[in-house]
Amino acid sequence: MNNRILIIGALGQLGGVFIEALLKRGDFVLASDINTPKKDNMKCEFVFLDALNERKIKKIILKYNISQIYNFAAVLSAKGEKDPMTTWDINMGALLKVVKASLNTSVQTIFWPSSIAVFSKHSGLACVKNDVTMFPNTMYGITKLAGEKIMSYYNEKGLMDIRSIRYPGVVSSTEPGGGTTDYVVEMLQNAKENKPYTCPLRKDTVLPMIHIKDVVTATLELMGVEKEKISTSGAYNLGSFETSPEKWSNTINSLGYSLKITYKEDFRQKIADSWPKKVDDSLFRRDIAWEPIYDERATAEDIIEQLVI
Ligand code: AKB
């Protein structure tokens with residue numbers, strides 16, 4: 001492939017797995033983050049970068065002749081509610097600065113993840129279609145919806161090619177940090193460490209989830225297709241399987257663990273209640289010809305195996 005890729009926010013939940021996949025297919029990858037990586041933890045070149053520093057982003061694009069940017073810098077849903085204004089500044093700032101720094105440079109395509117957080121009770125939560133009414137009620141969801149409007153604007157004017165997927169809860173062996181769906185990873189960690197878990201969501205709260213490797217294949221496929229195949233100027237729904245805390249813990253225990261759960265709902269319950277139980281991702285599957293590989297059980301089995309305790 002030999003793209004020249006800049007990953008922004010590379011030390012979060014998603015970065016490492018993307019870096020591995022991109023290096024494997026022969027791309028040049030430059031990782032960046034506002035935090036510093038642990039020594040010997042980086043498989044590619046790394047630069048310190050504040051995603052709000054437009055001048056530095058531009059300098060890096062020019063120096064490394066970057067052709068694609070994956071912008072993962074964001075404050076997630078639950079953490080975002082603790083300081084909504086900073087969440088707005090970071091999430092919107094990081095998108096706008098990256099787009100602005102990329103205009104009239106070697107950058108051809110930008111990937112920016114949206115989220116199921118754009119939806120709300122008005123969206124038909126039993127199975128949410130791609131383009132429906134959206135009234136997000138978290139600041140994170142508001143920034144994702146506003147970001148989708150920004151990307152549509154740039155795409156429709158032909159000023160920049162920005163692509164996006166609305167990620168569901170991502171199951172990974174890396175820590176998520178600040179999301180409403182984080183319990184899926186935390187339960188796996190506790191099961192492996194043989195510790196009990198206190199779940200912030202009600203046991204019957206169903207949400208869409210996906211294995212991180214399926215997120216990576218879906219995203220790389222989207223970034224690789226000709227522009228003509230993409231039938232929306234905004235973001236695509238993406239789904240894989242649906243689960244609830246009770247179902248997920250049963251799946252984990254069916255693998256031979258004995259995870260004990262106490263349910264103690266907090267403010268995250270209200271967020272989860274405003275999100276889809278399932279998403280209709282037929283538009284993405286039709287345009288991109290993608291299918292997930294991991295079902296619920298295979299996801300739990302594969303990720304728990306990877307966890308280092
Ligand atoms: C979160 O819970 O905030 C994220 C998301 C679904 O966007 N994982």
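Two strands pair if DSSP finds at least two bridges between them. In this predicted model, strand β11 (residues 207-211) and β13 pair over three bridges. The sense of this pairing is antiparallel. One bridge can be named: M209 has F241 of β13 as its partner.

Both strands belong to an open sheet of three strands. The order is β9-β11-β13, and the pairing is mixed. Strands of a sheet pair through backbone hydrogen bonds, either parallel or antiparallel. The edges of this sheet are β9 (169-171) and β13 (241-243). Each edge strand pairs on one side only. On average, neighbouring strands are turned by 45° against each other, direction ignored.

A helix is set against this sheet. Helix α11 lies across β9, β11 and β13. Its direction is at about 80° to β13.

Helix α11 (residues 296-306) also packs with helix α6 (residues 183-192). The two helices meet at an angle of about 60°, and their axes are 10 Å apart. Angles of 65 to 115 degrees count as roughly perpendicular, so α6 is classed as oblique to α11. The crossing of α6 past α11 is right-handed. On the α6 side, the contact is made by L188, A191 and K192. On the α11 side, A300, I303, I304 and E305 take part. By class, this contact has five nonpolar and two charged residues. No polar residues are found in the contact of α6 with α11.

Conventions. Residues numbered from 1 in each chain as written. Predicted model: local features only at pLDDT ≥ 70, side-chain atom pairs only at ≥ 80, totals over all residues. Heavy atoms only, no water. Axes fitted to C-alpha atoms, helices over the stretch in contact; angles between N-to-C directions. Helix = DSSP H or I, 4+ residues; strand = E, 2+ residues; numbered from the N terminus. Parallel < 35°, antiparallel > 145°, perpendicular 65-115°, else oblique. Left-handed = near helix turned anticlockwise from the far one by under 90°. Contact = heavy atoms within 4.5 Å. Nonpolar A, V, L, I, M, F, W, Y, C, P; charged D, E, K, R; others polar.
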